[in-house]
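The following note sets out several points for a reader who is new to protein structures. Please keep the sequence and the structure in view while reading.

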Amino acid sequence: MQHDEVIWQTIRHQSNCSYMVTTETGDFCRNPYNLTGICNRSSCPLANSRYATIREDEGVFYLYMKSIERAHMPNKLWERVKLPKNCIKALEIVDKHLMYWPKFLVHKTKQRFVKLTQMRMRMRKLALKTREKIITMPRKLEKRDHRREKKAETAALIEKQIEKELLVRLKSIVYDYPTRDIQKDILKEIEKEIHKECEDEMESCMDEEMVNRNRVGTTSGLQVKINEPNVKLRKKPGVTVEIDYEDYGERVHVT
């Protein structure tokens with residue numbers, strides 16, 4: 001038969017409980033079924049054969065109850081009752097199942113249920129707010145990455161290599177090849193135009209010579225000069241022609 005006082009004396013005084021945590025302010029209990037979180041005789045779930053508590057599982061609250069009749073079956077030791085979301089109805093269910101239990105357990109069970117519902121409401125409100133998330137970054141990893149980046153930059157010298165490559169390409173035929181073909185075509189066209197202009201000038205000179213000859217023939221052996229004011233005559237290449245007139249004994253040079 002289970003004896004609560006013997007269990008408490010054994011846990012508390014003769015051996016150390018694995019759930020007990022001793023601090024400067026007091027002794028606390030880490031057992032998930034503990035009702036108050038304090039390590040004492042009335043709140044210990046191991047030293048009380050009749051015990052009740054509230055636990056949360058995936059957002060749903062359950063009322064856990066332990067009775068001495070199920071002490072010989074550890075897998076069925078705790079009876080679980082699901083509580084509704086409505087706080088008033090949930091408290092009514094707690095009163096119904098803990099009607100003949102000690103008033104201390106009933107009061108602490110209701111108090112725990114109210115605190116858990118308030119905590120869940122605050123969690124939902126905080127989840128809706130946009131808050132800055134602080135993430136810790138290890139300094140060792142940052143320093144290591146920074147050193148690796150510096151080494152890679154010094155080893156690669158990306159900008160200098162790109163500049164050298166561009167200069168080499170400018171000096172080579174990579175960028176100059178198409179311009180050479182264009183320059184050859186342009187030079188050929190210019191040469192053709194020059195040849196045409198020379199031919200036109202030669203024809204115009206020949207025409208002027210014929211005109212001059214005709215004029216010399218009509219002036220009775222006299223030299224004819226045409227001077228226009230403020231006009232510089234352009235010397236064009238021509239052929240010097242000498243004409244002798246036997247009647248007057250004169251010689252006329254025509255250029």
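1. A definition is needed before the second largest pocket is described: Ala, Val, Leu, Ile, Met, Phe, Trp, Tyr, Cys and Pro count as nonpolar, Asp, Glu, Lys and Arg as charged, and the others, Gly among them, as polar. With these classes, the lining of the second largest pocket holds 8 nonpolar, 4 polar and 1 charged residues. The reader should bear in mind that the model is predicted.

2. The space in this second largest pocket comes to about 170 Å³. Its lining is made up of 13 residues, of which Pro45, Leu46, Lys66, Leu77 and Trp78 are the closest to the centre.

3. Aromatic rings deserve separate attention. The count of aromatic pairs is 4. One of them joins Tyr33 and Trp78, which are stacked, with 4.4 Å from centre to centre and 10° between the planes. This pair links distant parts of the chain, 45 residues apart: Tyr33 belongs to the loop between β2 (27-29) and β3 (51-57), and Trp78 to strand β5 (residues 78-82). Tyr33 is partly exposed, at a relative accessible area of 21%, and Trp78 is also classed as partly exposed, at 22%.

4. How are the rings of Tyr51 and Trp78 arranged? They form an edge-to-face pair, with centres 6.4 Å apart and an angle of 85° between the planes. Here too distant parts of the chain are linked, since Tyr51 lies in strand β3 and Trp78 in strand β5, 27 residues apart. Tyr51 is buried, because its relative accessible area is 1%, and buried means under 20%. Tyr33, Tyr51, Tyr64 and Trp78 together form one aromatic cluster.

5. Two arginines are placed over aromatic rings. The charged end of Arg50 sits over the ring of Trp101, at 4.8 Å from the ring's centre. Arg80 lies over the face of Tyr62, with 4.1 Å to the ring centre.

6. How many disulfides does a search of the whole structure find? The search gives 0. A disulfide is a covalent bond between the sulfur atoms of two cysteines. The cut-off applied is 2.5 Å between the sulfur atoms. For Cys17, the closest cysteine sulfur is that of Cys29, at 6.0 Å, which is too far for a bond. Cys39 also has the sulfur of Cys29 as its closest cysteine sulfur, at 5.7 Å, and this is again too far for a bond. Cys39 itself counts as buried, at 16% relative accessibility.

Terms used
Residues are numbered from 1 along each chain as its sequence is written. This is a predicted model: local features need pLDDT of at least 70, side-chain atom pairs count only at pLDDT 80 or more; totals for chains, interfaces and linings use all residues. Side-chain values use heavy atoms; hydrogens and water are left out. On a 1 Å grid over the protein atoms alone, a cavity is a set of points where a 1.4 Å probe fits but cannot get out, and a pocket is an open set with protein on both sides within 12 Å along at least five of seven lines; lining residues have an atom within 4 Å of a point. Grid points are joined across faces, edges and corners, and a volume is the space filled by probe spheres set on the points. Rings of Phe, Tyr and Trp (its six-membered ring) pair if their centres lie within 6.5 Å; planes under 30 degrees apart count as stacked, over 60 as edge-to-face and the rest as tilted. Helices (H or I, at least four residues) and strands (E, at least two) are DSSP runs, numbered from the N terminus. Buried means under 20% relative accessible area, exposed over 50%, partly exposed in between (1.4 Å probe, protein chains only). A charge sits over a ring if NZ of Lys or CZ of Arg is within 6 Å of the ring centre and within 35 degrees of the ring normal.
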